[in-house]
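Here is a short tour of a two-chain model, meant to be read with the viewer open. We begin with a term for how helices cross and then work outwards.

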Amino acid sequence: MIEAKGSTPRLVEPATEDELQQLFLDNNWTDKLPIVLPTEERVAAMLAHTSHKPQEIVGRMQPTANRGLWEYTVEKVAVNAVMSGAKPEYFPVILALAASEVTARGSTSSSGAAMVVVNGPIRHEINMNSGIGAMGPYNHANATIGRAYGLLSQNLQGGSVPGETFMGSQGNNYTYNNITFAENEERSPWEPLHVQKGFKPTDSVVNIFYGCRSTTFCLGLREKYWREHVKDMLAGVDSNTPPCLLLDPITAQQFIDRGGFVKKADLIRWIYETATMPAGRYWDLQLVQNYVYPWATFGREPEATMLKAKDDELINVFQEKNINVVVVGGEANGYWRIMGATYRKSVSIDDWR
Amino acid sequence: MIAPDLKNDAKITVLNPMGYPPEITRKSAAPRPESLNGKTVYLVDCRFDDSIELLKQVQAWFAEHMSGVSTKIISLSAYYGHDDPATWEEIKKNGDAAIVGVGHCSTCAPAVATHAITIETKYGVPAVAIHTDKFDKVVKSVRKMGGLADAPTVFVPQPVMGKSAAELRAYVNGTDPITGRPVMLEIVEALTTQLSAA
């Protein structure tokens with residue numbers, strides 16, 4: 001076990017609850033909503049739900065590359081978990097998020113947000129929601145785990161202060177709880193996301209996406225023009241952030257009924273083949289100029305080959321390996337959406353029990 | 001605030017939620033020439049938005065006002081977020097100073113600042129970074145973390161993206177919005193005045 005050297009005080013000067021709420025607010029340690037004050041007793045209760053020692057280093061994080069990696073321990077994660085209002089039994093999930101070293105408070109001027117998909121038995125153990133309202137504020141575990149991820153990111157990376165450590169020009173409301181939900185594995189016709197990422201069905205896993213700036217949405221798949229409708233939706237996802245399909249179980253089944261996508265991989269292949277754009281128009285996008293074109297001229301594939309296409313030649317906007325499909329929702333109707341979200345990492349929750 | 005009748009004046013102790021900052025390794029700046037006359041200055045384009053368009057105006061300024069200075073625009077070989085040793089080697093081999101720009105987004109400003117520090121401290125070539133004023137606090141933090149807190153930095157107004165050549169020329173001929181001093185005077189001074197850390 002590696003322990004942190006520690007240059008941040010462990011404790012805050014004693015004060016009344018009122019004064020401490022104000023201090024946390026003034027120090028930019030909160031998301032500007034009231035927090036649960038992290039007393040020794042509350043933090044100890046959180047720590048009791050992991051086998052890991054309080055001073056063990058969990059990871060390092062920074063708002064963007066080149067800002068300097070801040071380090072954090074199990075106890076520091078527990079402090080932020082308490083602040084979010086999370087129950088101690090959620091702590092292994094929160095530790096797994098911290099261990100990802102993927103910040104949920106990225107300082108991109110594009111105002112990105114994280115999205116967290118939880119898979120495996122832990123969903124039921126802590127009563128997470130994957131059904132009606134799963135992506136809304138209707139479940140304590142979904143709500144507080146997502147909030148904890150945001151708070152731990154901003155505090156453990158050294159801050160998320162506008163103009164200094166946060167430069168998102170417009171901000172992103174999703175960052176309040178980072179779209180944290182459980183996948184509806186029981187009603188999905190396909191293998192769950194974590195199995196697709198190499199885990200066993202019985203493993204409990206957090207899967208982290210980042211982006212969540214562009215969303216398109218639809219109701220079901222009509223028999224005559226469903227292919228064209230989906231193509232139109234894909235055109236609404238920004239070209240630098242691959243699509244993650246968030247499908248209510250009703251729509252997941254419709255993709256099988258309409259398109260014959262018995263395997264999830266078949267649907268992903270079809271999405272890849274459907275999302276096309278004339279090359280000239282694609283390369284003229286500012287995001288593509290900034291983030292894809294430099295790699296193409298550098299010689300990296302497949303970007304270098306894509307660059308050889310004539311202006312009116314159709315090219316695939318997204319790489320197949322970057323497209324994802326998640327089933328979530330309670331079958332109140334066949335509504336579904338496409339989130340522009342880049343898959344970043346999956347982390348075992350079981351390793352942090 | 002808590003209602004007066006519910007107020008609890010008992011003092012309690014709570015834990016600090018902040019992580020542990022990284023240790024900083026201080027670095028030394030490269031020695032400067034007394035003058036840029038007869039020297040070759042590389043203008044390094046980070047390839048974010050229209051950075052190169054602003055650098056073209058810096059190049060035009062040198063041609064008009066300091067014709068004894070040879071300038072060469074070079075674009076990073078890939079995405080700005082990656083280190084570019086081949087480009088730094090070329091600058092070291094064929095150049096006497098470097099101007100890196102433009103830092104005008106939340107990820108490219110730290111990258112531009114870091115590249116300038118790398119050129120300066122690892123390759124021994126005097127460098128100055130150009131950023132837009134929105135990122136002054138970001139750049140200050142990156143320079144400190146990068147071990148060269150006083151790394152030369154000059155600011156122009158935001159935005160650079162989509163501005164005409166005339167508008168960018170006005171930026172270059174104008175004043176630094178942070179310091180109020182002429183942009184090109186600051187750039188030339190940055191490349192010819194020894195830094196205290198050197």
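A crossing of two helices is called right-handed if the near helix is turned clockwise from the far one by less than a right angle, and left-handed if it is turned anticlockwise. Please keep in mind that this is a predicted model.

With that term in hand, look at chain A, where H3(A) passes H4(A) in a right-handed crossing. The two helices pack at an angle of about 115 degrees, and their axes lie 10 Å apart. H4(A) covers residues 91–99. The residues that make this contact are listed by helix below.

| Helix | Residues in the contact |
|---|---|
| H3(A) | A:Val74, A:Val77, A:Ala78, A:Ala81 |
| H4(A) | A:Phe91, A:Ile94, A:Leu95, A:Ala98 |

What is the chemical character of the contact of H3(A) with H4(A)? Its residues divide into eight nonpolar, no polar and no charged.

Stepping back to the whole of chain A, there are 14 helices and 10 strands. A compact globule with 353 residues would have a radius of gyration near 20 Å, so the 21 Å of chain A agrees with that expectation. Along the principal axes, the C-alpha atoms of chain A fill a box of roughly 65 × 45 × 35 Å. Buried residues account for 50% of the 353 residues in chain A. Of the contacts in chain A with a separation of 6 or more, 81% join residues 24 or more positions apart.

Next comes the meeting of the chains. Here 50 residues of chain A are in contact with 37 residues of chain B. Several elements of chain A each supply at least two residues of the side that touches chain B, among them helix H1 (17–26), helix H6 (140–156) and strand E2 (70–73). The largest share of that side, four residues, comes from H3(A). The residues on the side of chain A that touches chain B divide into 23 nonpolar, 18 polar and nine charged.

Chain B offers an open sheet of five strands, in the order E2-E1-E3-E4-E5 with parallel pairing. Its edge strands are E2 (70–75) and E5 (153–156) of chain B, each pairing on one side only. On average, neighbouring strands of this sheet are turned by 20 degrees against each other, direction ignored. Strand E4 (residues 127–132) of chain B pairs with E5(B) in the parallel sense over four bridges, and B:Ile130 stands opposite B:Val154 in E5(B). Helix H6 (residues 183–192) of chain B packs on the sheet, where it touches E3, E4 and E5 of chain B. The direction of this helix makes about 165 degrees with that of E5(B).

Key:
Residues are numbered from 1 along each chain as its sequence is written. Chains are lettered from A and ligands numbered from 1 in the order in which they are written. This is a predicted model: local features need pLDDT of at least 70, side-chain atom pairs count only at pLDDT 80 or more; totals for chains, interfaces and linings use all residues. Two residues are in contact if their C-beta atoms, placed from the backbone, lie within 7 Å. Ala, Val, Leu, Ile, Met, Phe, Trp, Tyr, Cys and Pro count as nonpolar, Asp, Glu, Lys and Arg as charged, and the others, Gly among them, as polar. Two strands pair if DSSP finds at least two bridges between them. Axes are lines fitted to C-alpha atoms, for helices over the stretch in contact, and angles run from 0 to 180 degrees between N-to-C directions. The radius of gyration is taken over C-alpha atoms; the globule rule is 2.2 Å times the number of residues to the power 0.38. A residue is buried if 20 or more other C-beta atoms lie within 10 Å of its own, exposed if 12 or fewer, and partly exposed in between; C-beta atoms are placed from the backbone.
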